[in-house]
Amino acid sequence: MNRTTVQPLDFVWLEVTGFCNEECGHCYADSGPQGTHGTMTELDWRSVIDQIADLGAEHVQFIGGEPTLYPHLSGLIGHARDRELTVEVFSNMTHIKPELWEVFKDRNVSLATSYYSDQADDHDAVTQHPGSHRKTRANVQRALELGIPIRGGVVTARPGQRAAAALDDLMSLGVKEVGGDRMRAFGRASRGAAPKVSDLCGHCAHEKCAVLPSGDVVPCVLGRFLPVGNVLETPFADIWSGDLLAAALAEIERECDTAQSCTPPQFLPMCGPCSPCVPSVRHCDPPGASIA
């Protein structure tokens with residue numbers, strides 16, 4: 001039986017690929033060079049975009065893996081914008097072809113990226129991709145030069161990592177919205193441990209959810225161990241109003257009764273329920289260790 005009262009849908013992560021040219025040790029999605037684009041086709045993604053727009057959603061974020069390596073990203077961006085959705089692409093900013101820059105600028109797309117240190121060797125040690133710091137930093141600068149809005153976020157992933165210096169470096173480039181988060185025990189960061197609902201931020205499934213390359217719908221990108229349906233089998237509206245999502249939401253609320261006051265800025269283009277992080281805050285997880 002479906003819920004009689006369905007909360008509004010505002011934001012959806014669209015994880016279009018599990019393929020990535022980097023292999024960060026803390027990756028919640030366990031993506032990397034061995035990843036694939038999954039079972040969702042371009043037409044499947046277009047259908048999902050239509051369905052969430054019909055439900056009144058206003059924002060989508062294309063993620064991966066590395067979404068710029070997904071061959072149909074430009075078309076999906078265009079389709080989302082045609083449906084009057086705001087679009088953000090979360091990218092490691094190392095592999096952006098000229099035609100994508102044009103799409104980003106012409107279709108009013110925002111960008112977000114992860115940045116781990118002001119020092120190349122320190123950043124590259126996190127990504128396991130030599131030269132990634134140089135490419136990411138250069139493309140952050142290019143986005144700013146083109147007038148494309150860009151956010152930056154830092155996850156503290158290694159002992160001695162110059163995370164605070166990374167935040168300062170982004171701000172020195174002109175990135176106005178920056179924030180940080182601790183490493184959370186999901187994906188490769190779990191080191192084989194079973195994921196726990198209590199390690200989520202507590203805001204999952206509140207007006208937001210994610211669709212994975214398999215078609216699975218989950219409460220958020222970190223809560224991928226809580227599937228609530230699959231868009232290849234069930235219309236999105238039925239999933240969003242269904243008992244599985246209601247049960248997941250209840251469990252999250254029960255296990256995260258001391259939910260942090262802010263959602264980690266790496267994963268959302270907004271910091272709801274509070275305002276965007278300011279540099280003095282440095283991180284969005286009051287119970288966790290601060291970035292250093």
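The questions below deal with a helix, a buried serine and the nonpolar cores of a predicted model. In this model local features need pLDDT of at least 70 and side-chain atom pairs count only at pLDDT 80 or more, while totals for chains, interfaces and linings use all residues. Residues are numbered from 1 along each chain as its sequence is written, and side-chain values use heavy atoms, with hydrogens and water left out.

Q: Which helix do the buried residues of helix 8 pack against?
A: Helix 8, one of the DSSP runs of H or I with at least four residues, numbered from the N terminus, covers residues 243-255. Its buried residues (under 20% relative accessible area, 1.4 Å probe, protein chains only) are Leu 245, Ala 248, Leu 249 and Ile 252. They cover an arc of only 100 degrees around the axis, taken from the directions from the helix axis to the C-beta atoms, which puts them on the same side of helix 8. The element that these buried residues pack against is helix 7 (236-240).

Q: What is the relative accessible area of Ser 114?
A: Ser 114 lies in strand 4 (residues 110-114), a strand being a DSSP run of E with at least two residues. Leaving aside neighbours within four places in sequence, Ser 114 is in contact (heavy atoms within 4.5 Å) with Phe 90, Ser 91, His 123, Thr 136 and Gly 153. Ser 114 counts as buried because its relative accessible area is 15%.

Q: Which residues touch the most other members of the largest nonpolar core?
A: A nonpolar core is a set of buried Ala, Val, Leu, Ile, Met, Phe, Trp, Tyr and Cys residues joined through side-chain atoms within 4.5 Å. The largest has 54 residues, and those touching the most other members are Leu 14, Phe 62, Phe 104 and Val 211.

Definitions and conventions: Expected span 1.5 Å × (residues − 1). Buried < 20%, exposed > 50% of the residue type's maximum accessible area, 1.4 Å probe, protein only.
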